[in-house]
Amino acid sequence: MNVKGKMGEVSKTVKVYSNDPSRPVTILTVRAHVKDALHMKEYQSREIFNTPCSGCHIDRGRGKQGRELFSSDCMMCHGAHGGAAPVRTMKGEKRDHLVDTVRNGVSGSSMPGWCTGKGGPLSNKEIDSLVDFLSDGATR
């Protein structure tokens with residue numbers, strides 16, 4: 001499979017021919033998630049707040065709140081292929097836990113603290129809007 005110049009989900013199908021009378025052709029499919037050169041090395045979680053990472057991970061959400069902010073800056077990690085906790089899991093968490101997680105991050109993971117006090121870009125108002133979206137009306 002040649003992945004040069006490709007990024008994201010890539011698949012290749014190969015037909016294998018044999019002399020097996022019951023199964024003369026077998027189709028194999030190889031799937032891979034190809035990372036671009038920028039994402040090949042390990043980064044500290046806080047590095048997403050700096051360039052060049054911030055262009056994709058932060059800047060898209062500037063000035064947005066709630067669902068729009070989540071879709072712009074959080075979905076790439078918390079979406080179907082991101083590897084972080086999906087929305088359906090987070091919606092089951094208690095509000096206080098969500099606030100603490102967004103503000104302070106998760107030690108030993110790729111989730112940094114997003115509040116300005118931890119070096120992140122989000123104000124308390126923006127964090128509350130995210131938690132309002134995630135907690136789906138849960139009590140404070």
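Me: Taking buried as under 20% relative accessible area, exposed as over 50% and partly exposed as what lies in between, where does C56 fall?
Reply: C56 counts as partly exposed, because its relative accessibility comes out at 36%. Please bear in mind that we are looking at a predicted model.

Me: How many disulfides does a search of the whole structure find?
Reply: Zero disulfides turn up when the whole structure is searched. For C56, the nearest cysteine sulfur belongs to C53 and lies 8.5 Å away, whereas a disulfide would need the two sulfur atoms within 2.5 Å. C77 is likewise in no disulfide, the nearest cysteine sulfur being that of C74 at 8.3 Å.

Me: And C77, is that buried or exposed?
Reply: Neither, since C77 has a relative accessible area of 33%, and is therefore partly exposed.

Me: Switching to charges, how many salt bridges does the structure hold?
Reply: There are three salt bridges in the structure. One of them joins R62 to D59, with 3.3 Å between the closest N and O atoms. R62 is exposed at 54% relative accessibility, while D59, at 37%, is partly exposed.

Me: Which residue forms a salt bridge with D132?
Reply: That is R95, and the closest N and O atoms of this pair are 2.8 Å apart. Because D132 sits in helix α5 (residues 124–135) and R95 in helix α4 (residues 95–104), the bridge ties together parts that are 37 residues apart in sequence.

Me: Is R95 buried or exposed?
Reply: R95 is buried, with a relative accessibility of 5%, whereas D132 is partly exposed with a relative accessible area of 37%.

Me: What else does R95 contact, say from the side chain of S135?
Reply: The side chain of S135 makes a polar contact of 3.3 Å with the side chain of R95. S135 lies in helix α5 and is itself buried, its relative accessible area being 5%. Leaving aside residues up to four places away in sequence, S135 touches R95 and L98.

Me: Back to salt bridges, where do the side chains of D128 and R103 meet, and at what distance?
Reply: They meet in a salt bridge, at 3.7 Å from N to O. D128 belongs to helix α5 and R103 to helix α4, so this pair ties together parts that are 25 residues apart in sequence. D128 is partly exposed, having a relative accessible area of 22%, and R103 is also partly exposed, at 24% relative accessibility.

Me: New topic: how far apart are the end C-alpha atoms of helix α2?
Reply: The end C-alpha atoms of α2, which covers residues 66–78 and has 13 residues, are only 14 Å apart, short of the 18 Å that a straight helix would reach at 1.5 Å a residue.

Me: Where is the kink in α2 centred?
Reply: The kink is centred on S72 and amounts to about 50 degrees. S72 is also one of the buried residues of α2.

Me: Which other residues in α2 are buried?
Reply: Besides S72, the buried residues in α2 are G66, L69, F70, D73, C74 and H78.

Me: And what do the buried residues of α2 pack against?
Reply: The buried residues of α2 pack against α1 (54–57), α3 (87–90) and α5. Helix α5 is also the one that holds D132 and D128, whose salt-bridge partners R95 and R103 lie in helix α4.

Terms used: Residues numbered from 1 in each chain as written. Predicted model: local features only at pLDDT ≥ 70, side-chain atom pairs only at ≥ 80, totals over all residues. Heavy atoms only, no water. Buried < 20%, exposed > 50% of the residue type's maximum accessible area, 1.4 Å probe, protein only. Salt bridge = Lys/Arg side-chain N within 4 Å of Asp/Glu carboxyl O. Helix = DSSP H or I, 4+ residues; strand = E, 2+ residues; numbered from the N terminus. Expected span 1.5 Å × (residues − 1). Bend = angle between axes of the 7 residues up to and from the residue. Contact = heavy atoms within 4.5 Å. Polar contact = N/O pair within 3.5 Å; in protein donor to acceptor, adjacent residues only side chain to side chain.
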